[in-house]
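Biologist: Could you take me on a close look at one part of this model, the aromatic side chains, and then show me the framework around them? I would like to know how buried or exposed the rings are, so please start with what those words stand for.

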2 protein chains.
Amino acid sequence: MAARILDGKKLAETVRAEVREGVAAFKAKYGRAPGLEVVLVGDDPASQVYTRNKEKASNEVGMQGRLHVLPASTPEDEVLALVERLNADDNVDGILVQLPLPKSINEQRVLDAVDPAKDVDGFHPVNAGLLAAGRPRLVPCTPLGCMRLLALAEVPLKGARAVVVGRSNIVGKPVAQLLLAEHATVTIAHSRTKDLAAVCREADVLVAAVGKAELVRGDFVKPGAVVIDVGINRVDAGNGKTKLVGDVAYAEAAEIASAITPVPGGVGPMTIAYLLQNTLTAAHARAAR
Amino acid sequence: MAARILDGKKLAETVRAEVREGVAAFKAKYGRAPGLEVVLVGDDPASQVYTRNKEKASNEVGMQGRLHVLPASTPEDEVLALVERLNADDNVDGILVQLPLPKSINEQRVLDAVDPAKDVDGFHPVNAGLLAAGRPRLVPCTPLGCMRLLALAEVPLKGARAVVVGRSNIVGKPVAQLLLAEHATVTIAHSRTKDLAAVCREADVLVAAVGKAELVRGDFVKPGAVVIDVGINRVDAGNGKTKLVGDVAYAEAAEIASAITPVPGGVGPMTIAYLLQNTLTAAHARAAR
């Protein structure tokens, strides 16, 4: 039996359409567009693509999206000053600092400086703490995308065994919190986990977010499980070219799982869609207070 | 084989002695004692005992401990005003608001008002978030006590399977974070978990923090596992009296486990010892900035 493919590209379009409607309603009510400010420091080519895409996506749904590009040599205090200026600007609802920052800049200090109410990445300790306390406010985008894909799969989470492979602050830990809030029994596995295959086979819901190409093999998957693959790894395609693969060996796992996200076109497109949703959420919360 | 008994009463004495030494060193360096302020609203008899014990314990290790008792009828804004006054007082290092508060008071609002730098209970979202982000500052006391008991048991945590039964913000979730930081593979189980016995039997380290008398039976325990029992439940002793039991059926589990905490005399005494440690930690962090 081949697994159902959870089409993140299509679902992300649905989320964007929802946000577009929400933005129109926000404008009608408050007389201004939600504002998203993206900060890029340096000239990393991948970061340039990501930040342009974010700016473009926010404008496409009717937001006021703006990209700030600073040279890699920008001193930390100038980056902090920009963040403070955006914190103080009442028309700015979301601030996203693209990672990684140049090595000369203390990344943690910059992220901690973002007003938690405008932290659309959900990385600020205050937002991590509110999520952990069961009072989510702004939640990291990729975990929100994973949960929406699970909703598409219509997998019952209450009492289900969920295994999250990877314990990053950006994906693994927050997605574990979200699964726990939905009453799943949640296991967090990682690089030190012994017999990862056996641990993964306990999962009704398996989320792979570890950044290792095709680490999760077909025999890690319990028959009928739902598999969410967060990994995006560029590997040698064998013909002198490269290709993108996930953390899951897709062809093998698709034989065993009941539903699975592809790479690309699974979790990836959901992340930017939930960045837009978070900006709208932040705008509403700020406007209402 | 009977399990080794992890004597929390004795270990708590060790922790208190460590804190007493630390307090003396703090005084020598900064010319003042660390200050712990305990706030009790109302006349709940159990809370009266707890808060007096905390005040007494802090003074015994050389701190400046003080108990504030407010009548149950105190309006919320007066409680908040007291918290603000303690926040602003430079001689106050730790603020503990005894729970539960009277129903007329929004507990969350009061706890959120405590300066995170003085939040010796570790309940503030900022401190929960820093713990979740792997940057622990002030961590809830009971989970710290559990980890110290595991250190006493000399159980290797790296790669071990740990199962936490219970997902409270005060114990279950933070102890899961601490176990994860020690590289255990951590499962969080709870009231919605299916076949709890089987899930518990996966555990090399089993932490029961669910508040249900003797829920965890002997056959939930993997042979040789280390069992930490956070529960303190008062039950009918059958002779017209009552007795305290944990969340674990002690006699049964002690036959199977390699080490186990008793109730009373296990985790309980560790909590207050780590309240003192947290106050010292807060004092040092505040004095150094």
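Modeller: Happily! Buried means under 20% relative accessible area, exposed means over 50%, and partly exposed is whatever falls in between. Please keep in mind that this is a predicted model.

Let's go to the rings. Over all chains, the structure holds two aromatic pairs. In one of them, the ring centres of Phe26(A) and Tyr30(A) are 4.7 Å apart and their planes meet at 45 degrees, so this pair is tilted. For the label, planes under 30 degrees apart would count as stacked and those over 60 as edge-to-face. Phe26(A) and Tyr30(A) both belong to helix 1 (residues 8-30) of chain A, and because they are four residues apart there, about one helical turn separates them. Their surroundings are worth a look too: Phe26(A) has a relative accessible area of 0% and is buried, while Tyr30(A), at 30%, counts as partly exposed.

The other pair is in chain B, where Phe26(B) and Tyr30(B) are tilted, with 4.7 Å from centre to centre and 45 degrees between the planes. Here, too, the two residues are four apart in a helix, helix 1 (residues 8-30) of chain B, so about one helical turn lies between them. Phe26(B) is buried at 0% relative accessibility, and Tyr30(B) is partly exposed at 29%.

Now for the framework. An open sheet of 12 strands, with mixed pairing, draws on both chains in the order 1(A)-11(A)-8(A)-7(A)-5(A)-6(A)-6(B)-5(B)-7(B)-8(B)-11(B)-1(B). Strand 1 (4-5) of chain A and strand 1 (4-5) of chain B stand at its edges with a single partner strand each, so one side of each has no neighbour in the sheet. Further in, strand 5 (residues 161-165) of chain A pairs with strand 7 (residues 205-208) of chain A in the parallel sense, over four bridges. There, Val163(A) has Leu206(A) in strand 7 as its bridge partner. Helix 6 (residues 141-152) of chain A packs on this sheet, where it touches strand 1, strand 7 and strand 8 (226-229) of chain A, and its direction makes about 150 degrees with that of strand 8. Helix 7 (residues 172-181) of chain A also packs on the sheet, at about 170 degrees to strand 5 of chain A. Among the strands that helix 7 touches is strand 6 (185-189) of chain B, from the other chain.

Between strand 5 and helix 7 of chain A runs a loop that holds Gly166(A), and Ser168(A) is in that loop as well. An unreviewed UniProt entry annotates Gly166(A), Arg167(A), Ser168(A) and Ile232(A) as "binding site". Gly166(A) is buried, with a relative accessible area of 4%, whereas Ser168(A) is partly exposed at 29%. Leaving aside neighbours within four places in sequence, Gly166(A) is in contact with several residues, including Ile188(A), His190(A) and Val210(A). On the same basis, Ser168(A) is in contact with Lys173(A) and Pro174(A). A polar atom of the Ser168(A) side chain also lies 3.3 Å from the backbone nitrogen of Gly172(A).

Finally, chain B has another sheet to show you. This one is open and has three strands in the order 3-2-4, with parallel pairing. Strand 3 (64-70) and strand 4 (94-97) of chain B are its edge strands, each pairing on one side only. On average, and ignoring direction, neighbouring strands here are turned by 15 degrees against each other. Strand 2 (residues 35-41) and strand 3 of chain B pair in the parallel sense over seven bridges, and the bridge partner of Glu37(B) in strand 3 is Arg66(B). Helix 2 (residues 45-60) of chain B lies across strand 2, strand 3 and strand 4 of chain B, at about 160 degrees to strand 3. Helix 3 (residues 76-88) of chain B packs on the sheet, touching strand 2, strand 3 and strand 4 of chain B, with about 165 degrees between its direction and that of strand 3.

Key
Residues are numbered from 1 along each chain as its sequence is written. Chains are lettered from A and ligands numbered from 1 in the order in which they are written. This is a predicted model: local features need pLDDT of at least 70, side-chain atom pairs count only at pLDDT 80 or more; totals for chains, interfaces and linings use all residues. Side-chain values use heavy atoms; hydrogens and water are left out. Two strands pair if DSSP finds at least two bridges between them. Contact means heavy atoms within 4.5 Å. Axes are lines fitted to C-alpha atoms, for helices over the stretch in contact, and angles run from 0 to 180 degrees between N-to-C directions. Rings of Phe, Tyr and Trp (its six-membered ring) pair if their centres lie within 6.5 Å; planes under 30 degrees apart count as stacked, over 60 as edge-to-face and the rest as tilted. Buried means under 20% relative accessible area, exposed over 50%, partly exposed in between (1.4 Å probe, protein chains only). UniProt positions are given in the numbering used here, feature names are shortened, and annotations may be inferred rather than shown by experiment. A polar contact is a pair of N or O atoms within 3.5 Å; within protein, one must be able to donate a hydrogen and the other to accept it, and residues adjacent in sequence count only if both atoms are side-chain atoms.
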